[in-house]
Amino acid sequence: MATLDDKLLGEKLHYYCSSSSESECEDEDEEKSQCPEDDAAVEPSAPSGSCQWDGTSCNTGPKGVIRDYQRFKQLERERREEQKEELAILAKKFSITCRTNAEDDKAKSEEEKLEDELAQLMDETCIQNFVQQRMQQMLHRETAGMRFGSVCVIKDCNDFLSAVDGEDKSVSVIILLHEPNSPGCLSAIKALESLSKHYVHLKFCTVRPSLISMSANFKVSGVPALLAYKAGQLVCNLVRVTDELGEDFETCDLESYLIEHGILNDRKLVPCSVQAADESSDED
């Protein structure tokens, strides 16, 4: 049955398409043509390689939010601890200690007492008394020790070992190696005898190298030689002292030579009062 439209247009309705219908049809065609592309863009592409997406994210979702919150709290706690440490350092640096009046008076009195004691120690009379006391102590120690005052002649190896090892550990033993016909040996013997009278607390000995089985080369070119022992240990070895002193030398030359090598103590450094007391004890 024809309708009013058919009458007016003169053709079937389904053959007719208005401009609005055409635009709607075109929009539908465009949407259909765009739909596959949008679907392809929305779908995630599977990543290549061994890394697979596990379906979770560290920054999204409830778990991600909790994890971020825990990390934030941790950083905040660390920041607070650092601030506390900085404040403690500053407080210690700028802290001011205060003392009461009683403490100030006590500290002042102690300082005055210390100054008085220092002034007494620096007094010349006090220093002289201290030096005299120390000298008396040294003199007593020297006089209480062993005394010799002469030269001991060693005859064989047993005497040599007895003179070195059998002596007290506090006594220094000085041994002169000499041969009768060697140059400089006679001067060394005379000087050693003179020194033994001044250094009575030292043990002076003489021995011929041929009597203690020493090499023939040493008998010719090594003498006169000096050996110093203490507590059984060799502390100084001076071979052919004539190279330094010459063949003809005096007692003072040998004394200076031994002082230079630390075998003897310089008598000039001992006060006259101590030397006089020592000489009086020798006479007694």
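In this predicted model, Phe-148 is partly exposed, with a relative accessible area of 27%, and the residue lies in the loop that runs between α5 (124-144) and β1 (151-153). When neighbours within four places in sequence are left aside, the contacts of Phe-148 are with Glu-167, Val-171, Val-200, His-201, Leu-202 and Lys-203. One of these partners, Val-200, is 52 residues away from Phe-148 along the chain, yet the C-alpha atoms of the two residues are separated by 5.1 Å. Gly-149 is found in the loop between α5 and β1 as well, and at a relative accessibility of 26% Gly-149 also counts as partly exposed. Beyond its neighbours within four places in sequence, Gly-149 is in contact with Ser-196, Lys-197 and Val-200, so that Val-200 is a partner of Phe-148 and of Gly-149. The C-alpha atoms of Gly-149 and Glu-193, residues that are 44 apart in sequence, lie 8.7 Å apart in space.

With regard to the protein as a whole, the model contains 11 helices and five strands, and buried residues account for 22% of its 284 residues. The exposed surface amounts to about 21700 Å², of which 52% is supplied by carbon and sulfur atoms. Of the contacts between residues at least 6 apart in sequence, 67% join residues that are at least 24 apart.

The packing of two helices can be described in some detail. Two packed helices are described by the angle between their axes and the distance between the axes. Helix α7 (residues 185-198) packs against helix α10 (residues 251-260) at an angle of about 75 degrees, and the axes of the two helices are 9 Å apart. Angles of 65 to 115 degrees count as roughly perpendicular, and α7 and α10 are therefore roughly perpendicular to each other. On the side of α7 the contact is formed by Ala-188, Lys-190, Ala-191, Leu-192, Ser-194 and Leu-195, and on the side of α10 by Thr-251, Leu-254, Glu-255 and Leu-258. Taken by residue class, the contact of α7 with α10 comprises six nonpolar, two polar and two charged residues.

Both helices also take part in the nonpolar interior. In soluble globular proteins, nonpolar side chains tend to be buried together. The largest nonpolar core has 21 residues, and the members that touch the most other members are Phe-204, Leu-226, Leu-238, Leu-254, Leu-258 and Leu-264. Two or more residues of this core are given by each of β2 (172-177), α7, β4 (225-230), β5 (233-238) and α10, and the most are given by α7, which supplies four residues. Phe-204, when its neighbours within four places in sequence are left aside, is in contact with Ser-150, Val-151, Cys-152, Ile-174, Leu-192, Leu-195, Ser-196, Tyr-199 and Leu-264. A second core, separate from the largest one, has 16 residues, including Ile-154, Phe-160, Val-223 and Ala-225.

A further residue of interest is His-178, which is placed in the loop between β2 and α7. His-178 has a relative accessible area of 11%, and because a residue under 20% counts as buried, His-178 is assigned to the buried class. Not counting residues up to four places away in sequence, His-178 touches Cys-185, Ile-189, Thr-206, Val-207, Arg-208, Pro-209 and Val-223. Val-223 is thus a partner of His-178, and Val-223 is also one of the residues of the second core.

Several features of the backbone remain to be noted. Most residues other than glycine have a negative phi, and most peptide bonds are trans. In this model, by contrast, a cis peptide bond joins Val-223 and Pro-224, with omega at about -5 degrees, and Pro-224 lies in the loop between α8 (216-221) and β4. Ala-231 has a phi near 55 degrees, a positive value in a residue other than glycine. The position of Ala-231 is in the loop between β4 and β5, where, at 42% relative accessibility, Ala-231 counts as partly exposed. Arg-240 likewise has a positive phi, near 50 degrees, and is a residue other than glycine. Arg-240 is located in the loop between β5 and α9 (242-245) and is partly exposed, with a relative accessible area of 34%.

Key:
Residues are numbered from 1 along each chain as its sequence is written. This is a predicted model: local features need pLDDT of at least 70, side-chain atom pairs count only at pLDDT 80 or more; totals for chains, interfaces and linings use all residues. Side-chain values use heavy atoms; hydrogens and water are left out. Axes are lines fitted to C-alpha atoms, for helices over the stretch in contact, and angles run from 0 to 180 degrees between N-to-C directions. Angles under 35 degrees count as roughly parallel, over 145 as roughly antiparallel, 65 to 115 as roughly perpendicular and the rest as oblique. Contact means heavy atoms within 4.5 Å. Ala, Val, Leu, Ile, Met, Phe, Trp, Tyr, Cys and Pro count as nonpolar, Asp, Glu, Lys and Arg as charged, and the others, Gly among them, as polar. A nonpolar core is a set of buried Ala, Val, Leu, Ile, Met, Phe, Trp, Tyr and Cys residues joined through side-chain atoms within 4.5 Å. Buried means under 20% relative accessible area, exposed over 50%, partly exposed in between (1.4 Å probe, protein chains only). Accessible areas come from the Shrake-Rupley method with a 1.4 Å probe; for residues, only the protein chains shown count as cover.
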